[in-house]
Structure formats: structure tokens, C-alpha cells
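Biologist: I'd like some help reading strand pairing and helix packing. Could we go through a case together?
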Amino acid sequence: MKVRIPLAKPEITEADRGAVLDVLRTPYLSRGPKLAEFEQAICDYVGCKYAVAVNSGTSALHIAVRALGLERGAEVILPSFTFSALLNVILQEDLRPKFVDIDPETYNTTPELVAAAITPQTCLILAVHTFGFPVDVKSIGEVARGYGISRARRPRHTVRIIEDACEALGAEVGGRKVGSVGEAGLFAFYPNKQITTGEGGVLTTSDEELAAHARRLRNQGRDPELDWLQHIGIGFSYRLSDINCALGISQLGRIENVIERRQNLAEIYDRELARTVDIHRPPITSKVGRISWFVYPIRLGKDFSRADRDWICESMSRRGIATARYFAPLHLQPVLASSIGQGKSELRLPQTEFVADRIIALPFFNELTEKEIQEVCAALEESIRELRRKT
């Protein structure tokens with residue numbers, strides 16, 4: 001059946017189109033003035049000193065990790081319930097992932113879980129703001145700093161923190177924008193995000209040396225102080241065009257309205273699903289700080305299996321309503337066996353596995369209407385009833 005209500009849809013205005021067309025009327029399609037303008041706009045909004053725009057959030061993570069200069073085999077703590085890009089970069093950089101579980105209410109890891117996982121081999125913590133819910137980066141930072149102090153009050157080693165805020169532009173931790181709390185932050189602007197550049201991402205930091213290194217990595221290892229053909233290190237082609245940047249500047253100008261609109265949509269979902277007893281709704285507020293909604297995730301009850309969840313998603317699809325399943329646990333991914341030579345993982349993360357089998361992301365985008373939300377909720381309830389009758 002044709003999809004009538006998509007899972008996500010970018011909001012493109014006439015002003016957005018005009019901004020892109022203005023660039024197309026100039027000779028500066030890449031490495032032009034819009035790149036610096038977009039990076040400064042990100043700095044001003046997030047509250048950091050430097051921004052390095054790249055072609056994806058994954059690229060932002062890659063250059064951030066590479067710029068930190070971690071030793072081969074260093075241990076990286078991250079949640080298993082997250083996007084596969086994090087694991088891909090860790091393995092590409094020959095680092096060792098150490099997975100932690102999540103809080104099933106927020107879908108984020110917690111300072112307590114990180115504290116239990118940290119070891120003398122830990123060099124990096126990836127703090128992920130899952131679905132736009134802010135993770136407590138400040139407390140995780142305290143855990144990292146506390147671990148790094150010996151009884152003699154001398155630092156043993158430094159544990160770095162990178163915020164993965166690819167799903168959380170505009171979220172806040174204790175009044176500070178995510179992406180400004182850790183040593184570096186990452187954002188992504190794929191068309192399903194709060195704002196889009198088509199394809200694109202950005203690294204944020206207030207560390208001048210890290211930013212300079214990241215800029216070299218983004219552009220084939222070139223140093224802007226030297227001749228164009230002089231490469232001082234290994235680098236990549238991770239540049240973001242002025243076309244993408246122009247769209248990002250235009251979209252960023254209305255980000256606060258977008259966050260407010262998405263909060264309102266989440267509240268409508270919460271109200272419409274309040275009487276649906278077979279699901280768990282996400283919290284509407286967070287004690288950590290402001291939520292910036294990426295998707296609206298509901299979780300089926302413990303009596304449902306993964307197969308039940310998949311059947312409900314297929315039933316919704318037959319009604320013309322798109323849904324999605326997030327995320328396949330990283331600690332169970334087959335790539336681990338081929339990349340680091342381990343067999344089937346014996347690690348068990350009960351909350352991650354429980355949530356991953358039962359979560360459903362419902363349609364969520366800026367232009368979604370209350371009537372469409374009501375239709376989605378009615379279809380979900382009917383699909384659950386059908387499944388109950390079938391079983």
C-alpha cells in the first residue's frame with residue numbers, strides 16, 4: 001500500500017530554496033563563504049568556539065576520534081543501543097568497544113553504568129543523546145575525572161568524552177546546549193533530523209588544537225597555512241558544499257520554533273496514547289535538561305515479542321503508515337566476530353535487548369498534523385487488537 005503518513009519528512013520552505021539558489025548563482029559551490037557562515041552559526045547556537053562542518057555525522061565522529069590521537073587498542077565506552085556508525089568508527093580506528101546498558105525510560109546510558117564499566121584501559125566515552133533525550137554528560141564527566149585521580153591526587157590518565165548529539169540539536173544539559181559539554185560534540189543533518197542540509201554533519205569543540213586537526217583531516221590532510229598541494233598528514237574528503245551550508249543556515253534560523261513544534265507533537269502523542277495499556281510512552285520532560293525530539297518512540301509491553309513488534313509494524317504499513325525499529329544492539333552485531341576475532345558475544349545487556357525487541361518509532365516530522373497523529377494512534381491500537389485476536 002502507498003505510504004500516506006511517512007516516518008519522517010524534511011521541511012523545506014521557499015526561504016530554504018532561495019538560499020540554495022543564491023549559492024548556485026555564484027562560483028562558490030564548495031569551500032566558499034557559506035561554509036564559514038554556517039560554522040559560525042553553529043558555534044553561536046551551540047555555545048562553542050569552533051565548528052568543523054563535514055559531509056555527515058559519521059565523518060564528524062571519525063575526525064573527532066582521529067584528532068584525539070588515541071592509542072591502538074584503547075578502550076571506548078559506549079551504549080549498545082545506538083546507531084551502527086559509532087561501532088564502525090571504533091573498529092576503523094582499531095579501538096576496542098566496551099558496551100554498556102541503558103535506562104529503559106530514557107533510552108540513554110547513565111553515569112552509574114559508565115562508572116561500573118570504566119577501567120584503566122578506558123580512554124574515551126561516547127555519550128549519546130538518544131532520540132534527542134539529553135544524557136547526563138556533566139555527571140559522566142565527573143565519573144571520568146574522578147576515575148582519573150589516584151589516591152595521591154595525581155592524574156593517572158585522561159578519559160576523553162565525545163557527545164554524540166546527532167539526534168539532539170537544541171537539547172540541553174543543565175542549561176547548556178548539547179555538543180558544548182564534552183570535549184567535542186557531533187551533529188548530523190540528514191533529512192530526518194530536526195533540521196537538514198540534505199547530507200551533512202558538524203564537529204563542535206572549544207579545543208583549538210582539536211579543531212585545527214579536524215579541519216586538516218576533513219580536507220585530505222592539507223594545512224591551510226601551506227600550499228594547496230602540501231599534505232602534512234593523512235586525511236579524507238569529508239568537505240561539505242556551500243549548497244548544503246546555505247540550506248543549513250536557513251534551517252538553523254528557525255530551530256527554536258522547530259523544537260517547540262516537536263515538543264507539542266510529542267505532547268499530542270502522549271495524550272492520544274494515554275489509554276493504550278499495551279505500550280510504554282516516552283517521558284515528555286527530562287530532569288537532565290531540555291529534550292529536542294528526533295523521533296517519537298513507543299515501547300510494547302513485556303508480553304510482546306520481537307516477532308509481535310514486527311507484525312504490528314507490518315500491519316501499520318498495510319494501513320499506509322510508516323514506522324521504524326530502533327536499534328539493533330551493537331554488542332550482538334556479526335561484524336564484531338570478523339573485525340576483532342571474537343565469537344558470538346557472551347555479553348548480555350538486558351535492558352538494551354528488551355527495548356530493542358519492542359520499540360517502535362511512530363511518524364514524526366515538523367509538518368505532522370494532530371489529525372494525522374490521531375490516525376496513527378488509532379491504527380496502532382487496532383493493530384495491537386488484531387494481534388491479540390490472532391494469538
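Biologist: Which residue in β11 is the bridge partner of I279?

Modeller: L300 is the bridge partner of I279. Keep in mind that this is a predicted model.

Biologist: How many bridges join β10 to β11?

Modeller: There are two, and β10 runs antiparallel to β11, which covers residues 296–300.

Biologist: What is the strand order of the open sheet?

Modeller: Read across the sheet, the order of its three strands is β10-β11-β12, and the pairing is antiparallel. Now look for edges: β10 (279–280) and β12 (359–362) have a single partner strand each, so each has one side without a neighbour in the sheet.

Biologist: Which helix packs on the sheet, and which strands does the helix touch?

Modeller: That is α10, residues 306–318, which touches β11 and β12. The direction of α10 makes about 20° with that of β12.

Biologist: Now to helix pairs. At what angle do α3 and α7 pack?

Modeller: The angle is about 125° between α3 (residues 57–68) and α7 (residues 208–218), and their axes are 9 Å apart. Angles between 115 and 145 degrees are neither roughly perpendicular nor roughly antiparallel, so α3 is oblique to α7. The crossing of α3 past α7 is right-handed.

Biologist: Which residues meet where α3 packs on α7?

Modeller: From α3 come I63, R66, A67 and L68, and they meet L210, H213, A214, L217 and R218 of α7. Sorted by class, this contact holds six nonpolar residues, one polar and two charged.

Conventions:
Residues numbered from 1 in each chain as written. Predicted model: local features only at pLDDT ≥ 70, side-chain atom pairs only at ≥ 80, totals over all residues. Heavy atoms only, no water. Pairing = 2+ DSSP bridges. Helix = DSSP H or I, 4+ residues; strand = E, 2+ residues; numbered from the N terminus. Contact = heavy atoms within 4.5 Å. Axes fitted to C-alpha atoms, helices over the stretch in contact; angles between N-to-C directions. Parallel < 35°, antiparallel > 145°, perpendicular 65-115°, else oblique. Left-handed = near helix turned anticlockwise from the far one by under 90°. Nonpolar A, V, L, I, M, F, W, Y, C, P; charged D, E, K, R; others polar.
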